Amino acid sequence: MLIRLITFILDLYGKVPQPFKYGYGSPPEEKFHKLAFQAGIELSPQASITELGMRRPDFYVTGTNIIIEIDSFQWHSSRDKLLDDRRKDRTALTQGFITVRYMAVEIRDNPYAVIDNLKLVIQKWKTSTIW
């Protein structure tokens, strides 16, 4: 609660770094965003992307067509949820977006490998002639 109050006050004066201003769907999402911020990767959390309609992905890599989803076994293990996630990925692809999925356990156990992988994905996206 105290952190939220301090963040709110600092935000009033425009002093809060971007990753600390947002509400997150889970602690792994918050950790991921902070690590990406430290690595110089600009993310938009819970971004509204017009082409995707009502879907609000966990993150959008600013200046690219890369969507990032952070999945957990708790919320993404049922048959229906797995099917829904794949449909969302295909819809995003038809609109020119690629979806990169990381498991929350990866962020917990090996966060820097996840960030290194994301850097590689961004690098490949920037040099690709497909996107």
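This is a guided tour of the structure above, going from the whole chain to the sheet, the helices on it and the cores.

**Before selecting anything**

The model is predicted, so local features are described only where pLDDT is at least 70 and side-chain atom pairs only at pLDDT 80 or more, while totals for chains, interfaces and linings use all residues. Residues are numbered from 1 along each chain as its sequence is written, and side-chain values use heavy atoms, with hydrogens and water left out.

**The whole chain**

Begin by colouring the chain by pLDDT, the predictor's confidence in each residue on a scale from 0 to 100. The mean for the protein chain is 82, and 76% of its residues reach 70 or more. Helix H1 (residues 2–12) has the lowest mean pLDDT among the elements, at 50, and H5 has the highest, at 96.

Switch to a cartoon view, and the protein chain shows five helices and four strands, in the order α-α-β-β-β-α-β-α-α along the sequence. Helices (H or I, at least four residues) and strands (E, at least two) are DSSP runs, numbered from the N terminus.

**The sheet**

Select the four strands next: they form an open, mixed sheet in the order S1-S2-S3-S4, where two strands pair if DSSP finds at least two bridges between them. At the edges are strand S1 (43–45) and strand S4 (98–103), each of which pairs on one side only. Neighbouring strands are turned by 25 degrees against each other on average, direction ignored; axes here are lines fitted to C-alpha atoms, for helices over the stretch in contact, and angles run from 0 to 180 degrees between N-to-C directions.

Now take S2 and S3, which run antiparallel and are joined by two bridges. Tyr-60 stands opposite Ile-67 in S3, and the two strands make a hairpin with four residues between them, where Gly-63 in the turn has a positive phi of about 80 degrees.

On moving to the pairing of strand S3 (residues 66–71) with S4, you find the parallel sense and six bridges. To follow the register, select Ile-66, whose bridge partner in S4 is Ile-98, and then Ile-70, whose partner there is Tyr-102.

Stay on S3 and show its side chains: Ile-66, Ile-68 and Ile-70 point one way, Ile-67, Glu-69 and Asp-71 point the other way, and all are buried, where buried means under 20% relative accessible area, exposed over 50%, and partly exposed in between (1.4 Å probe, protein chains only).

A short detour leads to Gln-46, in the loop between S1 and S2. Gln-46 has a positive phi near 50 degrees although it is a residue other than glycine, and at 26% relative accessibility it counts as partly exposed.

**Helices on the sheet**

Add helix H3 (residues 79–94), which lies across S3 and S4 and runs at about 150 degrees to S4. Helix H5 (residues 111–127) also packs on the sheet, touching strand S2 (59–61), S3 and S4, and its direction makes about 170 degrees with that of S4.

**Aromatic rings**

Display the rings of Phe-32, Phe-59 and Tyr-102, which form one aromatic cluster. Rings of Phe, Tyr and Trp (its six-membered ring) pair if their centres lie within 6.5 Å, and planes under 30 degrees apart count as stacked, over 60 as edge-to-face and the rest as tilted. The structure holds three aromatic pairs. In one of them, Phe-32 and Phe-59 have ring centres 5.4 Å apart and planes at 50 degrees, so this pair is tilted. It links distant parts of the chain, with Phe-32 in helix H2 (residues 27–38) and Phe-59 in strand S2, 27 residues apart. Phe-32 counts as buried at 1% relative accessibility, as does Phe-59 at 0%.

**The nonpolar cores**

A nonpolar core is a set of buried Ala, Val, Leu, Ile, Met, Phe, Trp, Tyr and Cys residues joined through side-chain atoms within 4.5 Å. The largest has 22 residues, of which Phe-32, Ile-66, Ile-68 and Tyr-102 touch the most other members. H2, S2, S3, S4, helix H4 (104–109) and H5 each give two or more residues to this core, and H5 gives the most, with six.

Centre the view on Ile-68: leaving aside neighbours within four places in sequence, its contacts include Phe-32, Leu-43, Phe-59, Val-100, Tyr-102 and Leu-118, where contact means heavy atoms within 4.5 Å. Finish at a second, separate core of seven residues, among them Ala-47, Ile-49, Ile-67 and Phe-97.
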